[in-house]
Amino acid sequence: MQVFIIVLIAQVIASLVNPCSYDESLSHSSAIKTTASHMLSGFTFRSQRVYDILKCAQLCLGDNRCLSFNYEDRIDGECRLNNQTAVAQDDSLYYSKRFTYGEMRDRQRSGNQDSDCVFVFTTLGAKGKRGPIDTHGYNGTNLDGSVTLDSGLQLWRVPQTAVYSIEANGASGANGTCKNDSEVCHRGGLGARIIGSFHLVKDTMLTILVGQKGQLDKELGLSGGGGGGGSFVVSTDQQLPLVVAGGGGGGGKPITGLQDGDPGQEKENGSRCGGLNGKGGKFCNSLGAQITQLYAGSGAGFYGDGVYFPGICSGAQSFSNGGLGGEGPSSTATGGFGGGGYGMEHGGGGGGYSGGGIVGAPKEGFAGGGGSFNSGSSQANKAGVSYGDGRVIITMLQRK
């Protein structure tokens, strides 16, 4: 891992377009720590193409929300501005050959922005098939005291009437067992990122499910990974989704015929014999014909549960039924909360608006990624970009 420190000085004229910006002219200087071949996942609030990394750093310095950035290492590369740092989120910096991660060493978030504008919902430390059981992780943040839990679902009231950007990141599927470099190793798919804008009225209740990464069976020895849970933001009163980001499928166990898990999809349907129109994923053979049994569980959707190996396992549950991940023959073989299917031979299907399915035979095949959904304006939907647990970021854009 290569790390460099550069110093950037820029004159910045803040804008009033976003109410989170300062209303005065400021001169900023900052030391920037860069890490080659890495990126921070799940905290991007703005993305645009720039000529080089210095221009990307200047964009970050000029936006009061920005604490770090990911720069795509090529001319006219993508510059992604983040509202968190790898220091604060040490599980979210991961290897990516195409990107360089940059962090403002001496910059702190404006207290006004944090309290008024950006609300970051996490898994609150929960792992596996069930959601969080307390909100202690929000102590000292702008969500302190404003989130209640209902069987792992997070309930939150909109604080002001405004236009909001809602970003949901699905969780990634677990990698299949891989004990050494000589083995065939199959990776879990990354979750989808779905962003839309919505006019929300003060005191509207939202139900938020933050998808959790699939888990790997620690008792079977060689195993496929569990599917990642989808992340959901839903109108509580109407029980209608605003945005849903699909989770990635789990990687298969380390044999040649099994494969990496598919990513969470940017479209509504799950992949690999996945669910349609909010239903759970299915089992299919290589010709696409539906079958009744494979050694893993498919992902659940918004309305429909996943399918599973009968008798010794439990299937992933739809959002409407609570969103639990599936569970295999041991308690550690689980899909992520948010409808991820468990892994055995195959990886589990990803949860989402429609669940990821599984295609193949007992010793070959693929686990599908969950589908996504977006009913907002100014949409930015992307498959396979979210690593680890999911996240939901709600940003106030314009007060009404």
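Reader: What makes the link between D52 and L54 at the start of α1 a polar contact?

Author: A side-chain oxygen of D52 comes to within 3.3 Å of the backbone nitrogen of L54. A polar contact is a pair of N or O atoms within 3.5 Å; within protein, one must be able to donate a hydrogen and the other to accept it, and residues adjacent in sequence count only if both atoms are side-chain atoms. An oxygen and a nitrogen within 3.3 Å fit that, so the name applies. By the way, this is a predicted model: local features need pLDDT of at least 70, side-chain atom pairs count only at pLDDT 80 or more, and totals for chains, interfaces and linings use all residues. Residues are numbered from 1 along each chain as its sequence is written, and side-chain values use heavy atoms, with hydrogens and water left out.

Reader: Why is α1 called a helix?

Author: Helices are DSSP runs of H or I with at least four residues, while strands are E runs of at least two, both numbered from the N terminus. α1 covers residues 53-61, so it qualifies. The protein chain has two helices and 21 strands.

Reader: What makes β11 mostly covered?

Author: Nine of the 10 residues in β11 are buried, meaning under 20% relative accessible area (exposed is over 50%, partly exposed in between; 1.4 Å probe, protein chains only). In α1, C56, A57, L59, C60 and L61 are buried too.

Reader: How do you know that β11 pairs with β10 and β20?

Author: Two strands pair if DSSP finds at least two bridges between them. β10 and β11 have eight, antiparallel, and β11 and β20 have five, also antiparallel, so both count as pairs. For instance, A162 stands opposite L200 in β11, and G191 has S386 in β20 as its bridge partner.

Reader: What is the largest nonpolar core, and why is it called that?

Author: It has 26 residues, and F121, W156, L206, I208 and I394 have the most contacts inside it. The name means a set of buried Ala, Val, Leu, Ile, Met, Phe, Trp, Tyr and Cys residues joined through side-chain atoms within 4.5 Å. Apart from it lies another core of 14 residues, including V50 and F69.

Reader: How do you know that residues 9-19 deserve caution?

Author: pLDDT, the predictor's confidence in each residue from 0 to 100, stays under 50 there. Residues 109-115 are also under 50. Where pLDDT is low, the predicted coordinates should not be read in detail. The chain's mean is 87.

Methods: Contact = heavy atoms within 4.5 Å.
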